[in-house]
Amino acid sequence: MGEVDPAFIQDPEHRPKLCFSEAEGIPMIDLSPSREKEKDPSALDRLVKEIGSACKEWGFFQVINHGVPLDHRHKVEAAAREFFGESKEEKNKVRRDAVKVLGYYDTEHTKNVRDWKEVFDFSVEEPTLVPASLDPHNQDVTHWHNQWPHYPPYLREVCQEYAKDMVKLALELMELIALSLGLPQKRFHEFFKDQTSFIRLNHYPPCPSPHLALGVGRHKDSGVLTILAQDDVGGLEVKRKSDGEWVRVRPTPNAYIINVGDMIQVWSNEAYESVEHRVMVNSEKERFSIPFFLNPSHYTMVEPLEELVNENNPAKYKPYNWGKFLVTRKRSNFMKLDVENIQIYNFKIKSASKTRGKHSR
């Protein structure tokens, strides 16, 4: 990636500061009370309250004792390093495009500025069912298929194994979030029958100008929930809700970083809000991370849950179809848009809106 091409340079107001504060306050949550066979009701209640508080105050938290086998994670991390170490010619054999939307890519844009990274995406469901058209009246569906590289030959197997771990952990977290909102434990499970969830392998090469570029520009996640494994280099920054400051999330060995996505913001009718975050780059060290994005079936209509809406707390969003939203967002990966991509604030009910700026990304 050499010297910094102007396409990577952030506008002055969005450039990172090379001196940063670490986010001491991001909650570290022990998930073991939800996994013990003989569950202690009081310990489980405390865990549910911790989850609810973290979702409300931060929109981010870390988890330990999460049940994901460490060797599964290590195998995926090793496979990712090996894949990104291949030649550009080899990686381009599984390059994604507007037709094959999964696979390798190195020219992704966030907020119309190029990210300093390369990625490999694969979906959990093979194939994944999605709308065939952006037209809201067209009900045809198509399939997204994974592209698996020849090298390393074990990448597919370890990725599929790891995907099962991520789905299991994600559904457990969604049960705890449901309980924290006063909902039945399995309230959200119905949305994930034909899930559109996917996993991304990220590689951030050393950058000669880390004060000008970002690994990923400021954004919120449009799906339900994100589970992130990051290496010991670090670089994730979260916009703290209390004061709007960017704070670094210190890497914790073997922990996962969880963040609330836009869909939980809508489902909870803003009891919980998704939070802006970004990724810093490093002038000396490369960085690897592996986010899992939990997404529902393409036919899911996303709207505030009826149990959480009443006369005193009317719905703040109009319903929208997740599949149409997803394919509209995907389009921006392959063309530079003149306007910002579709966001949940496009579905905000005006009478419920405070200020548009608060919900912009």
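1. A word on terms before we start: helices (H or I, at least four residues) and strands (E, at least two) are DSSP runs, numbered from the N terminus. Counted in that way, this chain holds eight helices and 19 strands. Please keep in mind as you look around that the model is predicted.

2. Let's take the overall build next. The chain has a radius of gyration of 20 Å, close to the 21 Å given by the globule rule for 361 residues, so it is as compact as a globular protein of that length. Along the principal axes, its C-alpha atoms fill a box of roughly 55 × 50 × 40 Å. Of the 361 residues, 55% are buried. Among contacts with a separation of 6 or more, 78% join residues that are 24 or more positions apart.

3. Now for a sheet worth tracing by eye. This open sheet has eight strands in the order β2-β3-β15-β12-β17-β10-β7-β4, and the pairing is mixed. At its edges stand β2 (28-30) and β4 (103-105); each has a single partner strand, so one side of each is left without a neighbour in the sheet. From one strand to the next, the twist averages 25 degrees.

4. Within that sheet, a good pair to look at is β12 and β17. Strand β12 covers residues 225-230 and strand β17 residues 287-294, and the two pair in the antiparallel sense over six bridges. Here Ala229 can be found opposite Ile290 in β17.

5. Which strands does helix α2 touch? Spanning residues 41-57, α2 packs on the sheet and touches β2, β3 (60-64) and β15 (256-260). The direction of α2 makes about 155 degrees with that of β2.

6. Helix α5 also meets strands of the sheet. This helix runs over residues 155-180, which gives it 26 residues. From its first C-alpha to its last it reaches 37 Å, close to the 38 Å expected at 1.5 Å a residue. It lies across β3, β7 (118-123), β10 (198-204), β12, β15 and β17, and runs at about 130 degrees to β12. Just after α5 comes Gly182, with a positive phi of about 80 degrees.

7. Finally, a look at the annotation. An unreviewed UniProt entry carries "domain: Fe2OG dioxygenase" over residues 195-296. In the model, the chain over residues 195-296 is 6% helix and 39% strand. The end C-alpha atoms of this stretch are 5 Å apart.

Notes: Residues numbered from 1 in each chain as written. Predicted model: local features only at pLDDT ≥ 70, side-chain atom pairs only at ≥ 80, totals over all residues. Heavy atoms only, no water. Expected span 1.5 Å × (residues − 1). Pairing = 2+ DSSP bridges. Axes fitted to C-alpha atoms, helices over the stretch in contact; angles between N-to-C directions. Contact = heavy atoms within 4.5 Å. UniProt positions renumbered as here; feature names shortened; annotations may be inferred. Rg over C-alpha atoms; globule rule 2.2 N^0.38 Å. Buried < 20%, exposed > 50% of the residue type's maximum accessible area, 1.4 Å probe, protein only.
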